[in-house]
Amino acid sequence: MTPRHPADRPARSVPAARLLAVAATLGGLLLGAAAPAVAAAPGTTARPAAVRAAEASTISVSGSGRASAAPDLAVVSVGVEATRKTAKEAMAAQSTAAKALLAGLHGQGIADRDIRTESLSLSPVYTQNKAGESKVTGYQAGQSFSVKVRDIDRTGQVVGAVNDATGDAGRVNGVTFDVSDPTALRAKAREAAHHDAYDKAAQHARLSGRRLGRLISLTEGESARPGPGAMQSAPADGGEGVAIAPGEIEEHVTVQAVYELI
């Protein structure tokens with residue numbers, strides 16, 4: 001059979017060539033369109049416009065809230081001290097005075113769970129002679145207790161009872177007041193802090209000619225009590241106790257809030 005001339009080949013190979021040409025053209029267009037995105041990739045600071053707009057449309061404010069309430073708990077710091085020639089004698093005298101103190105507290109209805117030893121000490125007592133030399137002349141032993149008085153109206157009587165029971169060995173180091181369950185007081189202060197942050201953000205929005213949007217984030221700081229009821233107490237005279245002024249307990253809460261501006 002006689003071979004066909006190239007001109008006699010089927011005509012369908014021509015459309016195939018055209019398709020390849022069109023595909024190459026489209027590929028070039030696609031690569032050209034993608035080129036700006038590829039060129040921007042090395043730049044780490046380039047971010048989508050929507051992200052930049054969202055960051056520019058927020059406001060961060062702080063809020064502060066306080067709440068106060070009458071205390072329902074008193075914590076009395078009391079103790080005993082004794083000085084003797086020997087360490088053994090000092091510890092024995094301290095132990096006797098401490099037992100008397102505990103008996104006096106129990107006589108006032110203070111439960112064992114509300115009495116806690118805070119410290120126990122024994123130290124030498126030095127005396128300086130005419131030559132300027134220091135010499136141990138005795139020992140001082142002491143013990144301190146933390147006592148919770150749940151009926152604060154009887155705090156003065158408890159202090160007086162300690163003084164009566166221990167005599168010259170007794171020490172009253174101070175009185176502090178508190179609330180037995182601060183949960184409700186802290187919640188009230190937290191609510192005030194939240195409202196304070198919202199009011200500040202709303203004002204800034206109005207001043208900026210914007211409207212306040214949704215709350216984006218909220219962080220609460222540690223609560224504090226800048227004004228706990230506290231006083232230094234003097235020994236009582238007789239069994240009548242001392243005058244006590246509980247005052248109020250204050251709770252302070254701070255928050256950091258981020259709002260959207262629209």
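Rings of Phe, Tyr and Trp, the last taken by its six-membered ring, count as a pair if their centres lie within 6.5 Å. In this predicted model, one aromatic pair meets that criterion. The partners are Tyr198 and Tyr259, with ring centres 5.9 Å apart. Their planes stand at 75 degrees, so the pair is edge-to-face; the cut-off for that class is over 60 degrees.

The pair links distant parts of the chain. Tyr198 belongs to helix H5 (residues 183-207), whereas Tyr259 lies in strand S8 (residues 249-261). The two residues are 61 residues apart. Their accessibilities were computed as well. Tyr198 has 43% relative accessibility and counts as partly exposed. Tyr259, at 3%, counts as buried.

Strand S8 is part of an open sheet of three strands. The order is S1-S8-S6, and the pairing is antiparallel. Strand S1 (58-69) and strand S6 (212-220) occupy the edges. Each has a single partner strand, so one side of each is left without a neighbour in the sheet. Neighbouring strands are turned by 30 degrees against each other on average, direction ignored.

S6 and S8 are joined over six bridges in the antiparallel sense. Ser217 stands opposite Val258 of S8. In general, strands of a sheet pair through backbone hydrogen bonds.

Helix H5 lies across S1, S6 and S8. The helix runs at about 145 degrees to S1. The aromatic pair thus joins two elements already described: Tyr198 comes from H5 and Tyr259 from S8.

Definitions and conventions
Residues are numbered from 1 along each chain as its sequence is written. This is a predicted model: local features need pLDDT of at least 70, side-chain atom pairs count only at pLDDT 80 or more; totals for chains, interfaces and linings use all residues. Side-chain values use heavy atoms; hydrogens and water are left out. Rings of Phe, Tyr and Trp (its six-membered ring) pair if their centres lie within 6.5 Å; planes under 30 degrees apart count as stacked, over 60 as edge-to-face and the rest as tilted. Helices (H or I, at least four residues) and strands (E, at least two) are DSSP runs, numbered from the N terminus. Buried means under 20% relative accessible area, exposed over 50%, partly exposed in between (1.4 Å probe, protein chains only). Two strands pair if DSSP finds at least two bridges between them. Axes are lines fitted to C-alpha atoms, for helices over the stretch in contact, and angles run from 0 to 180 degrees between N-to-C directions. Contact means heavy atoms within 4.5 Å.
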